[in-house]
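User: Could you zoom in on one part of this model for me and follow it outward from there? I'd like one connected answer rather than a list.

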Amino acid sequence: MTALPATTTRQLGLVIDLDTCVGCQACVIACKGWNTENYGAPLSDQDPYGTPSGTFLNRVHSYEVQPETGSAQLVHFPKSCLHCEDAPCVTVCPTGASYKRVEDGIVLVNETDCMGCGLCAWACPYGARELDLAAGVMKKCTLCVDRIYNDNLPEEDREPACVRTCPAGARHFGDFADPDSHVSRLTKERDGMDLMPEQGTKPVNKYLPPRPRDQIDVLAPLLNPVAEEPTGFLRWLDKALERL
Amino acid sequence: MHPAPSVILFTTLSGLGFGLLAFLGLGMPDVTGGSALAFYGIGFALAVGGLVASTFHLANPKNAIKAFREWRTSWLSREGVAAVLTLTVAGLCAVGAAFFDTRLAPLGWLSTALALFTVHCTAMIYAQLKTVPRWHQIWTPVHFLTTAIAGGALLAGQVSLAMPLLLLAGGVQWVTWVQGDKRFAAAGTTLETATGLGAIGTPRPFEPPHTGSNYLLREMVHVVGRKHSQKLRLIAVALMSVVPVICLLLPFNHLLAALAVLAHLLGVLVARWLFFAQAEHVVGLYYGGR
């Protein structure tokens, strides 16, 4: 059924910390690795040793942000499915392959029903869905549904592969329906934000904005130039060289 | 958006076919016997041809039969259901007219209503997408319906009706373009809102996530041919509206009638190519494009 549930018991999702992400792409590789070998059709690559193109469920962009004053800042920006409350990709699906789970809010694709029309990818503003060219079905982040409930894995591994692998601790997994959860508190404390709020998708995943630079740059005062104008011998040298 | 030939042919041919079936349902022209077979045959060929073309767009067509399931939420599913209902009812009308020399008026009216609803569903597949602001406007279904009705009138040989309808379709097409040009800015989606980084400064793409291309770029950040859009708009409206009207104004001749239909078809094809090629998806913002 492609009707969206009115509410979900839990709201599983990610918090992505743009302040901490170092753009190492480890989450991209961990995601591709896990999701190629486990649930659903593998994430194929086309012409990997020529002009490569492949299916990824998580990609890391990098943006330069120029504030009104001061130097520009580089922000690494991981992007995967945001498991929206009002997911437009689900309602457009004609076959019922796309659905949002009532129990935890995860948006999934049933690959045995997908006809590969691509309309859900058109409906997603975030580019979170990619049609796999080898399998002909739509692929998207499953929030590693085959890890998080997997009793065969040690408990510390029961979280999405991208979160498990992140060396910077920039990705957090949890239940947003619980106001006391790790992710809910992070979102509250750090003003977690929605991407493209004007699209009305009500994304579950939240992004933590980069912290202002001057608060953490403890070295800055020590690196200021100590003298603007030379004095003494240097002043004489400066003048002498100018006269030459 | 990528102007795939399959979807351009689908919207153009099925629109024209259902437009013709809409007129046949009203008994315009009130045909029986062999000529009913010919008229309904053309209508079915165009409508079914368009639907078949649309399946070439599917990456996994073996599941296409499941597309009739989700009509409660999905315009694409509604389009499929409406098309099958229209073809069934129009098929009954065709059998009645061709073999039993009878026209059941209420059944005809039903087929007309269904045919127009099918065209509306086709338009809503695109108009529902908030992610493509140019399509997400009331003018998209108005344009699809007026074009289908005008083309239907032309094919049904309703000369006096076709002339104003063709001019109306051309005018609506132009308004759709002009209104569409403003939609992306009006939607308010920018790289600032897409990244949430607008609060700390002006973001600029620094490095893309991948060195090659990908599905998203090929499908939704398609920029080919946009520089000729103004010229193509003039060509499209001239072919779909002006040339057929001139042909209809001249004394009737089968060659001129064929020319009118051909010009209209070509014009709508050009317009539909522009419909996709000019449509900008918000995901392009993440890549510094549109």
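Analyst: A quick definition before we start: buried means under 20% relative accessible area, exposed over 50%, and partly exposed in between (1.4 Å probe, protein chains only). This is a predicted model, so local features need pLDDT of at least 70 and side-chain atom pairs pLDDT 80 or more, while totals for chains, interfaces and linings use all residues. Residues count from 1 along each chain as written, chains are lettered from A and ligands numbered from 1 in written order, and side-chain values use heavy atoms, without hydrogens or water.

Let's pick strand β1 of chain A, which covers residues 12–17 (helices are DSSP runs of H or I, at least four residues, strands runs of E, at least two, numbered from the N terminus). How much of β1(A) is buried? The count is 6 of the 6 residues, so the rest of the structure largely encloses this strand. One side of β1(A) carries L12(A), L14(A) and I16(A), the other G13(A), V15(A) and D17(A), and both faces are covered, with all of these residues buried. That two-sided listing follows a familiar pattern, because side chains in a regular strand alternate between the two faces of the sheet.

Now for the neighbours (strands pair at two or more DSSP bridges). β1(A) runs antiparallel to strand β10 of chain A (residues 171–175), and 5 bridges join them. L12(A), for example, has D175(A) as its bridge partner in β10(A). With β11(A) the arrangement is parallel, and 3 bridges make the connection. There, K206(A) in β11(A) stands opposite V15(A).

D17(A) deserves its own stop. Its side chain meets that of R190(A) in a salt bridge at 3.0 Å, N to O (Lys or Arg side-chain nitrogen within 4 Å of an Asp or Glu carboxyl oxygen). R190(A) sits in the loop between α6 (182–189) and β11 (206–208) of chain A, so the pair ties β1(A) to a part 173 residues away in sequence. Are these two residues buried or exposed? D17(A) is buried at 5% relative accessible area, and R190(A) is buried too, at 15%.

That pair belongs to a wider set: the structure holds 15 salt bridges over all chains. Another case is R103(B) with D30(B), whose closest N and O atoms are 3.5 Å apart. It also links distant parts of a chain, from the α3–α4 loop of chain B (R103(B)) to the α1–α2 loop (D30(B)), 73 residues apart. Here R103(B) is partly exposed at 35%, while D30(B) counts as exposed at 52%. Back in chain A, a salt-bridge network links R101(A), E103(A) and D104(A).

Then there are bridges between the chains, 3 of them by the rule used here. In one, E64(A) and R204(B) meet through their side chains at 3.0 Å, N to O. E64(A) is in strand β4 of chain A (58–66) and R204(B) in strand β1 of chain B (202–207), so this pair joins two chains. R204(B) is partly exposed, with 43% relative accessible area. R69(B) and D113(A) also meet in a salt bridge, at 2.7 Å, N to O. On the chain A side that touches chain B, β4, β5 (73–80), α3 and β8 (130–131) each supply at least two residues, and β4(A) gives the largest share, 8 residues.

Overall, 58 residues of chain A are in contact with 58 of chain B (heavy atoms within 4.5 Å). One chain A residue to look at is W122(A), in helix α3 (residues 119–123). W122(A) is buried at 3% relative accessibility. Beyond neighbours within four places in sequence, its contacts are M1(B), H57(B), Y126(B), L129(B), T131(B), W135(B), E219(B), M220(B), F276(B) and H281(B).

W122(A) is also among the residues touching the most other members of the largest nonpolar core, which has 134 residues (buried Ala, Val, Leu, Ile, Met, Phe, Trp, Tyr and Cys joined through side-chain atoms within 4.5 Å). Helix α1(B) contributes the largest share of that core, 11 residues. And here we come back to β1(A): apart from that core lies another one of 6 residues, including V15(A), F176(A), L186(A) and V204(A).
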